[in-house]
Amino acid sequence: MRTDPDGGTRHQPQAQEPELRVNPIACDARGLCIELLPELISADPWGYPIIRPGPVPLQLQQLARRAVAACPTLALMLISPPG
Amino acid sequence: MHGYGPASAGRPAAPEPGELRLIVRDQPLSLAEHIDQYGPLPAARLGPKALIEDVESSGLTGRGGGAFPAGRKMRAVAEAGTRDTAKGSAAKGSVIVANGSESEPASSKDSVLLSRAPHLVLDGIAACASAVGATRAYLCAGHGDPAQVHFLTEAVAERSRAALDKVRVEVVTVARGYLSGQENALISALNGNAPLPTFVPPRPAERGAHRRPTLVLNVETLAHIALIARFGSHWFAAAGTPGAPGSALVTVTGAVERPGVREIPLGSALSDVLQHCGVSQPAQAVLTGGYFGTWLPLPAALAVPVSHEGMRAAGAALGPGVLAVLPEAACGLAETARIASFLAAESAGQCGPCRNGLPALADALNWIAFGRPGPDIIGRVQQLADLVTGRGACHLPDGAAGLVRSALSVFAADLQAHLRAGPCARAGGPPVLPVPARGSR
C-alpha cells in the first residue's frame, strides 16, 4: 500500500462509506440478497436477512448495489452515512 | 434555592423543593382552581426563543419512556417549521401531539395525570404551540375510555370559553394495543392510516402528522413544560440530581401496601420509593421500565437511583416509570413467560424477525416456566433473543429480548431449579403483574 503525502494510507475506511440496511417492514424474505451477497448477508432461521454491521468494503460495493437492485420488495438499501 | 417564580403581588408561589408539583391533590383541578394553584401562563416567556432555551437548560427529558431531551425535540420542530416557511412550501405551521395513550399495561401515571391536572397538560400544549409555531394540536388519550375523553373535551371547552388558547386542541383516542402509543404509530393513525409503527425516516420533527413538522411529547413532559414556562429552569432543576433534574411520576405496582402513582424527585433511591409505598411482604425483584423493561434483584438493587442514568448504570431503564415489585411468593420465570406471550401477541406482525421470533421466544420461556425443557433451552432462549434484537421497525423485539435476558440472570437459581425438577410450586400461583387478555383493553 502506498503512503500518501500527508502520511495517511489509502483505502482507509472513510465516514462516507455506505452501509447496507433493510427495511424490515418491506422485507418479505425472498432471499435474493442472501444469494447475491453471502459475504455480508446471511439468513436467519425464518429466511430473513441478517446484515453484517459496518461499512461495505470497496471491493463489495458493486455486488451490494446489484443486491439492492435485485430486491423485489425494495427493502434493501445502500445508505451513505451523513458527514 | 428554587430560582425565580416569586410569591409576590398575589401570584401563586412555585412549589418548594420537596413539594408535589404535578398532582397536588387527589381530585381534578378545574380551570379556576388550576390558575389559583399555579397562576396563568406568562405570555412573555412563551416566545420561540425563551421557552425552548428554558426547556433545554432545565435538562427535562421525555417522560414517555425514551428520555430524549425535550428541548432538543422542540428546537428540531421549530427549525423544521422555519425551513418550510422559508421554502414557501405553505406556512401552515407545525403540529403538536400530546401522547397520553399509555399502552404500557403496568403504567397508569398518564391517565392519573390527565384526570387530576388536565390544565397543566393543556397549558403545556399551549406553551409548546406558541414556542414551535404550531397551528394544530392533538391530545391522544388512552384505551378509548369514553369518560376520560368526555372529561378532557370538557376541559378544552372550558378553556375556549375563557379564550385561553390560540390553538384549539382536538381530543382523540388511539386504538387498543401495546404499539398504538408508539410515536410513529400515533402519527400514522392521525394521518388516517393503520396505527402501526413505520420504518423511519422521515422523523416526525421533519414530516409527521398532515406531513407537517410534528412535536410528539408525552403528557407528563408537557405538564413539566407548563411549570418551566412559569417558574423557570432553575426551579425545575432544584428537584432531582444534576444528572437527572426534576421530578417524575412513577407507577408502583405489585407487592406493596399502597400501589399507585407517585411523584418523586429523580434520583431517589429505589428503597425510598418502595418504602413510601409500603413494602408489604418479602420481595425478590423489581421490574423496572414496564414490559419492555428489565428485572433487578432485591435487595441488591435497593440503592439504585430511580432515574434514567441511575437505572442505566444498573443495566436497566426507567422507561415510562414503572416499578413492579415481585414478592418472594411468586415465580419470576412464570411472570416473565406471561409477559413474553403478551408481547408476542402484541407484535404488529409487520417485520419477519419479530413476527417469527417473539412467539418462539415466548414459547421457550413458557416451556421453562411451566414445562420440562432440556438443558439446551437456555442456549435457545439466548439465541432467539440475539436474533430478534435490532431487527424490527420499532423497539418491541429489543424490549422483549432485554426483558427475557434479565429474567435469565436475575432468576438464575429458579432457572436451574426448573431445569432440574420442573416447574416450582410458585409458578402455579396467580399472576402478580397484569397481563391484559388479547382484545380486552
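## Strand 7 and its partners

Let's start inside chain B, where B:Thr251 stands opposite B:Val322, a residue of strand 13. This is a predicted model, so it helps to keep the confidence scores further down in mind while you look around. The pair belongs to a parallel match between strand 7 of chain B and strand 13 (residues 322-327) of chain B, held over four bridges.

Strand 7 of chain B also pairs with strand 8 (residues 260-265) of chain B, this time in the antiparallel sense and over six bridges. Five residues lie between strand 7 and strand 8 of chain B, and the two strands form a hairpin. If you want a residue pair to look for there, take B:Leu249, whose bridge partner in strand 8 of chain B is B:Glu263. Why is strand 7 (residues 247-254) of chain B described as largely enclosed by the rest of the structure? Eight of its eight residues are buried, so the strand is largely enclosed.

## The parallel sheet of chain B

Another place to visit is an open sheet of four strands in chain B, in the order 3-2-1-4 and with parallel pairing. At its edges you will find strand 3 (169-173) and strand 4 (214-218) of chain B, each pairing on one side only. On average, neighbouring strands of this sheet are turned by 20° against each other, direction ignored.

Within the sheet, strand 1 (residues 94-100) and strand 2 (residues 134-141) of chain B run parallel and are joined by seven bridges. For example, B:Val95 has B:Arg136 in strand 2 of chain B as its bridge partner. Helix 3 (residues 70-86) of chain B lies across strand 1 and strand 4 of chain B, and helix 3 runs at about 160° to strand 4 of chain B.

## Domains of chain B

The domain assignment divides chain B into domain 1 (31-238), domain 2 (244-327) and domain 3 (332-428). Between domain 2 and domain 3 of chain B, the C-alpha centres are 22 Å apart. Their contact draws ten residues from domain 2 of chain B and twelve residues from domain 3 of chain B.

On the domain 2 side of this contact in chain B, strand 10 (283-288) and strand 11 (294-297) are the elements giving two or more residues. Strand 11 of chain B supplies the largest share, four residues. By class, this side of domain 2 of chain B has seven nonpolar residues, three polar and no charged.

## Chain A and its contact with chain B

Chain A contains two helices and four strands, and along the sequence they follow the pattern β-α-β-β-α-β. Of the 83 residues in chain A, 22% are buried. Among the chain A contacts with a separation of 6 or more, 58% link residues 24 or more positions apart.

How many residues does each chain bring to the contact between chain A and chain B? Chain B gives ten residues and chain A gives eight residues. On the chain B side, helix 12 (residues 352-370) of chain B makes the largest share with three residues. That side of chain B has five nonpolar, four polar and one charged residues.

## How confident is the model?

The scores are ipTM 0.80 and pTM 0.89. Chain B has a mean pLDDT of 90, with 95% of its residues reaching 70 or more. Residues 1-9 of chain B are a stretch to treat separately: pLDDT stays under 50 there, and the model has 21 contacts beyond four places in sequence for them.

Conventions. Residues are numbered from 1 along each chain as its sequence is written. Chains are lettered from A and ligands numbered from 1 in the order in which they are written. This is a predicted model: local features need pLDDT of at least 70, side-chain atom pairs count only at pLDDT 80 or more; totals for chains, interfaces and linings use all residues. Two residues are in contact if their C-beta atoms, placed from the backbone, lie within 7 Å. Ala, Val, Leu, Ile, Met, Phe, Trp, Tyr, Cys and Pro count as nonpolar, Asp, Glu, Lys and Arg as charged, and the others, Gly among them, as polar. Two strands pair if DSSP finds at least two bridges between them. Axes are lines fitted to C-alpha atoms, for helices over the stretch in contact, and angles run from 0 to 180 degrees between N-to-C directions. A residue is buried if 20 or more other C-beta atoms lie within 10 Å of its own, exposed if 12 or fewer, and partly exposed in between; C-beta atoms are placed from the backbone. pLDDT is the predictor's confidence in each residue, from 0 to 100. Domain bounds come from an automatic or database domain assignment.
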